[in-house]
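Please look at how the ligands are held in the structure below. The text after it goes through the sites one by one.

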Amino acid sequence: MSQVPRALLDADPVVCVDDLGEPLRSVPASTPCWRVDEAFRADPDLLCLAVTDDDRARPAPGLLSRTAFLSAMSGRLGHGRSLHARRPVGHLADRDVLVIDASTGVPRAAEMLLARERSRRFSEVLVRRPDGELRLLEAERVFRALSAQLAREALTDPLTGLSNRADFLRRLDEVCAGTGGAVVACVDLDGFKAVNDSSGHAAGDQLLRRTAERLRGCAGPGAVVARLGGDEFAVLLAGASAADAQHLAARLQEALGRPHDLGGRVLPGRASAGVAVCSALPAEPSALLHEADLAAYRAKQAGGRRCEVVDASWCSDAAPLAPDHRAFEAAAAAGQLEVHYQPIVAVADGSLRSLEALVRWRHPQRGLLAPADFLDDVAAAGYSAELDAHVLRTALTQRARWAAEHGDAVPAHLNVNLSVAGLLAPDLPAVVARELARAGVPSRVLRLELPEVATAAHVRAAEPSLRALRALGVALTLDDVGSGAAGLSHLSELHVDGLKIDRRYVERAPEDARSAVVLRTLVDLGHGLGVPVTAEGAQGPEHLALLRRMAGGRCLLAQGSAVAEPLHPDDVPALWGAAVTAGAGRWPSASARGGSTAAACAAPPRRGSPRS
Ligand code: C2E
Ligand code: CA
Ligand code: CA
């Protein structure tokens, strides 16, 4: 899974296809072929020509490639030149070329390409500028630009323009994979809710933007500054020492303590900050962030408006396992790490196709915890791969029990998530094979979901495992496509058997035309690769209706609260058969809609079937 190359992310953003096209020579269609023959022979670097018509009745330009032209001129029996020399070159031009206006946006251009017949999708297109000039554009550049655009958007907080949480975690991973120390600061505004409540959300937004500017100022060039969510910010300094941590703390204290003038209304500057420094890397990245977060929490508990600095050198790999590892082992042994199941259905008719296993922690004091509440701690404790194995075993055992009790009513597939550490565990294929055999579940049932946050290096390292898993007959599905840095470039390098589109595009699509275009492009892309596509985040009937329209007759799967929330295993059998199509009134039954296009979804692609 390669990430979008850094250079692509850092390059100036490409807005429309005009920024992508290359200059191209044009010839009138009436030019005799011998003239064009001379031009190609005189210039070995001339690979392509645009062929234009003066005739108003045929305004569509054509494309003439060097290879196609020269092969026509030789002819099969060597008579091509005598046949074509005096004929106009317009006869040999490819007229089926896509012509795009220079002002067309990148997502729209990708959509136009994907709407073409499959064999023509990945060839060259012509870009027409306002003055009539034609430029040449390789289709692949459009997909690469779209990929970079998605990546950039997925990594930016729209309100402040800072990095978002996903980008911050990715940069933290990169820094911790290098050598030298790192400093992480977490900043939390004091009394932010009161500002929102008393002065309104516009003032709240302004305060967040001002805070972002001040943080940029005190972090200095080269630092990563992010808004992690709400009124929480973070700063990352690479290669930094304990002295740098102290300097940063002093600058934060000064900058965040200054009052804010919000258009005449002056608010006191109030924030709590925590700074964690690890001078011996490689460190466990999420542990370092966690330490800074805890320090900020302590600063807030102590009355706020202060900054606490902690030495987190124990986060270094050289440090012994965090004591939490034991705690998670004990929670698993006590049956507190439960697995819940969320249905995945065909949008055409609501039929149940799979269940995604999602972990929960039934904590004796804190109640039922969602993954977001404890997965960072699981990672910091070095327990991720063991948690994945625990969920796999629990889910396969449960699936075998359901199959024994309910036979064919049970859906054909079971989706199980892998963490990055689980993906990298050298014994992953052995664990999967062992658990399948232990539960007596056929390998074709299992779909492992690969985390989109995995980097190119992770995937390269995991490649032998992934190959072994596919050989076992286990399907690999790429999770959260469109959510992270990897973008579409994953897909060209990684053989996957399915895609899951990240929630954000589905959630926004009904009211945001751009998200709808990106969603459609990702759906088409998955279908173009010949793999099943699942749209996550189908929250309401409007999402399901949109997805059904987008699917046309093709197989599209959906997951989301409009179908069902993740369910306790005791509640899952209520889904079997007709019950899911009724879906508590939220899901129209196939019969109610008068037949279905479910046949398009009926046969999942067979293993090893060609990917086009
Ligand atoms: P994910 O793999 O993308 O799982 C889908 C998440 O989106 C689930 O949250 C699900 O409840 C939620 N979701 C699905 N549809 C909707 C919707 O329409 N609206 C909203 N608001 N949410 C929806 P959950 O269970 O909290 O899991 C969060 C993440 O935690 C997962 O995201 C996955 O990355 C991770 N995770 C969960 N279970 C496991 C596990 O067993 N192992 C590993 N390694 N990671 C897990
Ligand atoms: Ca998942
Ligand atoms: Ca997902």
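A polar contact is a pair of N or O atoms within 3.5 Å. By that cut-off, an oxygen atom of ligand 1 makes such a contact with Asp-480, whose side chain places an N or O atom 3.2 Å away. The model is a predicted one. Two further contacts can be set beside this. Arg-360 has a polar side-chain atom 2.8 Å from an oxygen atom of ligand 1, and for Asn-417 the corresponding distance is 3.1 Å. Taken alone, ligand 1 exposes 800 Å², of which the protein buries 80%.

The surroundings of ligand 1 consist of 22 residues, and those that come nearest are Arg-360, Asp-388, Asp-479, Gln-539 and Ser-561. By class, this shell has eight nonpolar, seven polar and seven charged residues. Four elements give two or more residues to the shell: strand S16 (352-363), helix H13 (371-380), helix H14 (384-406) and strand S20 (475-481). Strand S16 gives the most, with four residues.

Next come the metal ions. The calcium ion written as ligand 2 is coordinated by Glu-356 through OE, Asn-417 through OD1, Glu-449 through OE and Asp-479 through OD, at 2.1 to 2.3 Å. Along the sequence, these donor residues are spaced E-x60-N-x31-E-x29-D. Glu-356 lies in strand S16 and Asp-479 in strand S20, so the pair ties together parts that are 123 residues apart in sequence. Both Glu-356 and Asp-479 are buried.

Which residues donate to the other calcium ion, ligand 3? Its protein donors are OD of Asp-479, OD of Asp-480 and two OE entries from Glu-536, lying 2.1 to 2.4 Å from the ion. The spacing of these donors along the chain is D-D-x55-E. The calcium ions of ligand 2 and ligand 3 are 3.8 Å apart, and Asp-479 coordinates both.

Are Asp-479 and Asp-480 buried or partly exposed? The cut-off for buried is under 20% relative accessible area, and partly exposed runs from there up to 50%. Asp-479 has a relative accessibility of 8% and therefore counts as buried. Asp-480 has 25%, so this residue counts as partly exposed.

Three residues recur in this account. Asp-479 is among the residues nearest to ligand 1 and coordinates both calcium ions. Asp-480 is a donor to ligand 3 and has a side-chain atom 3.2 Å from an oxygen atom of ligand 1. Asn-417 coordinates ligand 2 through OD1 and has a polar side-chain atom 3.1 Å from an oxygen atom of ligand 1.

Note on methods: Residues are numbered from 1 along each chain as its sequence is written. Chains are lettered from A and ligands numbered from 1 in the order in which they are written. This is a predicted model: local features need pLDDT of at least 70, side-chain atom pairs count only at pLDDT 80 or more; totals for chains, interfaces and linings use all residues. Side-chain values use heavy atoms; hydrogens and water are left out. A residue is near a molecule or strand if one of its heavy atoms lies within 4 Å of it. A polar contact is a pair of N or O atoms within 3.5 Å; within protein, one must be able to donate a hydrogen and the other to accept it, and residues adjacent in sequence count only if both atoms are side-chain atoms. Accessible areas come from the Shrake-Rupley method with a 1.4 Å probe; for residues, only the protein chains shown count as cover. Ala, Val, Leu, Ile, Met, Phe, Trp, Tyr, Cys and Pro count as nonpolar, Asp, Glu, Lys and Arg as charged, and the others, Gly among them, as polar. Donors are N, O and S atoms within 2.8 Å of the metal (3.2 Å for Na, K and Ca); water is not among the atoms, so sites may look incomplete. Buried means under 20% relative accessible area, exposed over 50%, partly exposed in between (1.4 Å probe, protein chains only).
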